[in-house]
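Me: Could you take a close look at one part of this model for me, the enclosed space inside it and the helices and core around that space? Cut-offs included, please, since I'll want to compare them with my own scripts.

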Amino acid sequence: MRKKILLPLIVLAASFMAFLRLTAAGGAYFDDWPEGKSPKYVGEWLTKHFIDSPHDDFASKKPARGITYPEVCTWLGSLRFAKVDNRPDLTADLVERFKPLFRQNKLLVPKADHVDNTVFGSIPLEIYIQTKDKTYYDFGMRYADEQWTTPERIKQKPDSKECKFAADGYSWQTRLWIDDMFMITAVQAQAYRASGDMKYINRTAREMVLYLDKLQQPNGLFYHEPGVPFFWGRGNGWMAAGMAEVLRALPEDNEYRPRIMKEYKNMMKTLKSYQAEDGMWRQLIDDPESWKETSCTGMFAYAMIVGVKKGWLDEAEYGPVARKGWIALVGYINEDGDVREVCEGTNIKNDRDHYMNRKRKIGDMHGQAPVLWCATALLE
């Protein structure tokens, strides 16, 4: 009789524990996908598409003059997807894509002289993290170190903003554009992961706080630059993804973590309120006349997926938002594996029409990258 009672109780307990594990990982919302929209399927599709694509020049169809930061972000997303999906074949192909940069294609390697170029270092560092090949470690760490090593040509201009930022312990590449908070954090967080040296994560966290102080508004969103009062979608996407990237790497007892976490949650709360009914976000986040844009949608969804998975965000509140964003985003991928409605590269201008009238590109890697980030985060 006792055995008959115990067996159902054991089964019930096992089922309950399985449920807890599922919901703890966001499984209540990050599972049971419509046909063609599972992260595994989409991630593999876009990774293979990237492997087969030539080096990108901002989707201009011109021969690439160098490795651009959108390609770096897509490459990083592909490498991480291959790892989480346990696809050594894809990883090998992604590493093969890099090898010519040591030799015949070395002129495509960007110099570590600007945030948009220095983020390139995150790729060899990811390859090192996955393969332990020290050649890639040395290659990537040079970028992380040069981002905080002021060049002599800059030192000769002691009154320049670059020198002033460096004197205060920030990167000489600081320019207070919201784009920077993925470009800087990606390579510095990677350097921390690869080396274990706390200086890399500490300095990027301190840099993040500087940008929060200078650019974040009370509603949690960010101006493109202090004098440009527009909540541009992808610019805010870089901040959302950048905060998620820092928080993923930042130790729990780090002095900067509480501030970054607070502002991350503040941003996520406001973004939730501006999500369109179909799951998308807009080119100008708070402007209902603005068009629905894919790169920012992917970045916001990614930041929320990570937050739910890590337990930073309430699953019941943000899980449905992130799920709706992912499903809507995948609907913008055409039959060739190219993401549509991607805002072209955008410089700063204090003019609403400047943002409203940006070209909408197809297959631009600004849009391919965050889809891969989302797919990876959903599988982790």
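**Cysteines, helices and the cavity**

Reply: Let's start with a cysteine: the sulfur of Cys296 lies 8.8 Å from the closest cysteine sulfur, that of Cys343, which is too far for a bond. A disulfide here means a pair of cysteine sulfur atoms within 2.5 Å, and by that rule the count is 0. Cys343 is likewise in no disulfide, with the sulfur of Cys296 as its nearest at 8.8 Å.

Before going on, a word on the ground rules: this is a predicted model, where local features need pLDDT of at least 70 and side-chain atom pairs count only at pLDDT 80 or more, while totals for chains, interfaces and linings use all residues. Residues are numbered from 1 along each chain as its sequence is written, and side-chain values use heavy atoms, with hydrogens and water left out.

Cys296 counts as buried at 0% relative accessibility, and Cys343 does too, at 0%. (Buried is under 20% relative accessible area, exposed over 50%, partly exposed in between, with a 1.4 Å probe and protein chains only.)

Now the helices, which are DSSP runs of H or I with at least four residues, numbered from the N terminus. H14 covers residues 294-310, and 15 of its 17 residues are buried. Its end C-alpha atoms are 24 Å apart, in agreement with the expected 24 Å, where the expected span is 1.5 Å times one less than the number of residues. Right after H14, Gly311 has a positive phi of about 85°. H12 has 16 of its 17 residues buried, so the rest of the structure largely encloses it. The end C-alpha atoms of H12 are 25 Å apart, which agrees with the 24 Å expected.

On to the enclosed space. The structure has 1 cavity of 30 Å³ or more, and the largest cavity has a volume of about 120 Å³. (A cavity is a set of points on a 1 Å grid over the protein atoms alone where a 1.4 Å probe fits but cannot get out, and lining residues have an atom within 4 Å of a point; points are joined across faces, edges and corners, and the volume is the space filled by probe spheres set on them.) Its lining includes Arg80, Glu245, Arg248, Tyr302, Trp373 and Glu380. Helices H3 (69-84), H12 (233-249), H14 and H17 (365-379) each give two or more residues to that lining.

Finally, the core: Met268 touches Ala240, Ala303, Met304, Leu313 and Tyr318, leaving aside residues up to four places away in sequence (contact is heavy atoms within 4.5 Å).

Note on methods:
1 Å grid on protein atoms, 1.4 Å probe; cavity = no way out; pocket = protein on both sides within 12 Å on 5 of 7 lines; lining within 4 Å.
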